[in-house]
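I opened this model to record its cores, one helix and a few individual residues. My notes follow in the order in which I looked things up.

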Amino acid sequence: MEDDEEAPPLAVEIDQPTEPYPLQQSNSSGHKDGDAPVGVTVITGYLGAGKSTLVNHIINSQHGKRIAVILNEFGEEIGVERAMINEGDGGALVEEWVELANGCICCNVKHSLVQALEQLVQRKERLDHILLETTGLANPAPLASVLWLDDQLESSVKLDSIITVVDAKNLRFQLSENQSSSSFPEAYLQIAFADVIILNKVDLVSPEGSADFLEELEKEIHSINSLASILHSVRGQVDLSNILDCRAYDATHATRLESLLVETRALSTQDLHDSGVRTLCICEPQQVDLEKVRLWLEEILWEKKHGMDVYRCKGVLSVHNSNQLHTLQAVKEIYEIVPTRDWKKQENQTNKIVFIGHNLNENVLTESFQACVM
């Protein structure tokens with residue numbers, strides 16, 4: 001039986017701590033001009049789901065990448081993040097200690113986290129990727145805000161994707177158990193914010209009827225977040241190409257968002273858990289005024305009109321007086337609308353926006369969006 005208390009990845013401790021690097025002022029990218037920013041994958045999940053097992057799999061796989069891992073070590077006596085560098089070619093792991101504020105990384109350490117990431121990317125040796133493992137009950141939204149469009153980080157690092165690891169055997173119990181408790185939101189939020197969901201420990205599901213059980217579990221997950229892809233795993237063993245370099249937040253790599261144009265399955269879902277958390281999709285064939293869309297979106301995201309709380313938002317827009325397809329992404333109150341490419345002749349120039357959140361009202365969203373139509 002797999003241990004619920006997962007051991008963190010092994011590392012070799014450095015006796016003498018390294019001097020902290022000063023933050024760059026004129027060019028805070030921390031890498032040579034022309035280099036791409038370093039991707040950051042946030043790994044989250046409920047306690048015991050298998051996050052550390054996944055991290056161990058990644059840093060011990062022969063992928064040829066130099067990967068830094070920041071582990072959130074929550075404790076009452078000291079608050080540190082253990083950052084490990086994996087050579088990716090069979091070399092030894094090296095550990096350095098990066099001092100951060102004590103407490104949950106998602107809530108209290110924004111500025112220290114920025115500094116820690118800057119120090120990592122300013123190392124002499126070029127990093128290929130950074131993994132950030134959160135605590136078991138961490139809400140990934142503040143992390144996404146820091147990593148996605150934070151001015152302090154500028155172009156040195158970029159949010160690549162949010163990976164949520166869930167326990168196939170216990171997920172249904174965890175969702176129902178926490179439904180009415182104060183800790184309920186995190187179990188749902190970790191799924192709602194995910195780009196990829198790893199359904200781990202599928203081997204512990206009873207063989208009798210396991211296929212039907214896992215299929216129903218996928219339906220429950222997609223009822224919360226119908227945009228996320230789902231991978232099955234045993235002890236965190238997954239194809240790394242499915243979880244690294246996803247570029248889920250890269251506006252220049254809009255394949256996932258553009259796929260909304262040809263998506264045939266129903267993206268809007270019913271709330272299967274009576275939690276109020278669901279996915280909702282609205283469509284509008286007529287062109288829209290971009291500034292009106294911004295005002296409309298800000299009312300929803302910032303003012304939480306009609307009690308709606310949007311966690312994630314993705315979409316494509318057909319903008320008046322523009323021949324370019326615009327993509328929309330939002331994480332809580334932060335959003336970005338950018339032109340990505342010209343519309344293709346055979347494409348249906350339409351607006352399609354997908355919301356993931358709490359207390360979403362389809363009629364209100366659809367009717368209020370009409371004010372944006374030209």
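**Entry 1: Nonpolar cores**

I began with the largest nonpolar core, which has 50 residues; those with the most contacts inside it are Ile130, Ile191, Ile197, Leu199 and Ile221. I then looked up the main contributor and found helix α4 (residues 141-149), which gives the most to this core, with six residues. A second, separate core has 26 residues, among them Leu280, Ile300, Leu301 and Val373. I note that this is a predicted model. In soluble globular proteins, nonpolar side chains tend to be buried together.

From the core I selected Ile197 and listed its contacts beyond four places in sequence. Ile197 touches Ile191 and Ile221, and also Thr164, Val166, Ala228, Ser229, Ile230 and Leu231.

**Entry 2: The chain as a whole**

I recorded the secondary structure as 10 helices and 14 strands. Of the 374 residues of the chain, 55% count as buried. The accessible surface comes to about 17,200 Å², and 48% of this belongs to carbon and sulfur atoms. Among contacts with a separation of 6 or more, I found that 76% join residues 24 or more positions apart.

**Entry 3: Asn225**

I next asked whether Asn225 is buried or exposed. Its relative accessibility is 1%, so I entered Asn225 as buried. Asn225 is placed in the loop between α7 (210-224) and β9.

I then checked what the side chain of Asn225 reaches. One polar contact goes to the backbone oxygen of Ile191, at 3.0 Å. Another goes from the Asn225 side chain to the backbone oxygen of Ala194, also at 3.0 Å. Not counting residues up to four places away in sequence, Asn225 touches Ile191, Ala192, Phe193, Ala194, Thr279 and Ile356. Ile191, reached here by Asn225, is also listed among the residues with the most contacts inside the largest core.

**Entry 4: Helix α9**

I turned to helix α9, which covers residues 290-303 and has 14 residues. From its first C-alpha to its last, α9 reaches 19 Å, close to the 20 Å expected at 1.5 Å a residue. At the start of α9, I found a side-chain oxygen of Asp289 within 3.0 Å of the backbone nitrogen of Glu291. After the helix comes Lys304, whose phi is positive, near 50 degrees.

Which residues of α9 are buried? I listed Leu290, Val293, Trp296, Leu297, Glu298, Ile300 and Leu301. An α-helix has 3.6 residues a turn, so residues three or four places apart point the same way. The buried residues of α9 pack against the strands β10 (277-284), β11 (309-318), β12 (324-331), β13 (334-342) and β14 (351-358), and against helix α10 (362-369). Two buried residues of α9, Ile300 and Leu301, are included in the second core.

**Entry 5: Aromatic rings**

I counted five aromatic pairs in the model. In one of them, Trp302 and Tyr335 have ring centres 6.5 Å apart and planes at 45 degrees, so I entered the pair as tilted. This pair links distant parts of the chain, since Trp302 is in helix α9 and Tyr335 is in strand β13, 33 residues apart. I compared the cover of the two partners: Trp302 is partly exposed, with a relative accessible area of 49%, whereas Tyr335 counts as buried at 15%.

I also noted that Trp296, Phe355 and Phe369 form one aromatic cluster. Trp296 is one of the buried residues of α9.

**Entry 6: Positive phi and α10**

I looked for positive phi values at residues other than glycine. Arg235 has a phi of about 55 degrees and is found in the loop between β9 (229-232) and α8 (255-258). Arg235 is partly exposed, with a relative accessible area of 44%. Asn321 has a positive phi of about 60 degrees and lies in the loop between β11 and β12. At 70% relative accessibility, Asn321 counts as exposed.

Last, I looked up Asn363, which is found in helix α10. Its relative accessibility of 54% counts as exposed. The C-alpha atoms of Asn363 and Ile282 are separated by 9.3 Å, and the two residues are 81 residues apart along the chain.

Conventions
Residues numbered from 1 in each chain as written. Predicted model: local features only at pLDDT ≥ 70, side-chain atom pairs only at ≥ 80, totals over all residues. Heavy atoms only, no water. Helix = DSSP H or I, 4+ residues; strand = E, 2+ residues; numbered from the N terminus. Expected span 1.5 Å × (residues − 1). Buried < 20%, exposed > 50% of the residue type's maximum accessible area, 1.4 Å probe, protein only. Contact = heavy atoms within 4.5 Å. Polar contact = N/O pair within 3.5 Å; in protein donor to acceptor, adjacent residues only side chain to side chain. Core = buried A, V, L, I, M, F, W, Y, C linked by side-chain atoms within 4.5 Å. Phe/Tyr/Trp six-rings, centres within 6.5 Å; stacked < 30°, edge-to-face > 60°. Areas by Shrake-Rupley, 256 points an atom, 1.4 Å probe, with all protein chains shown as cover.
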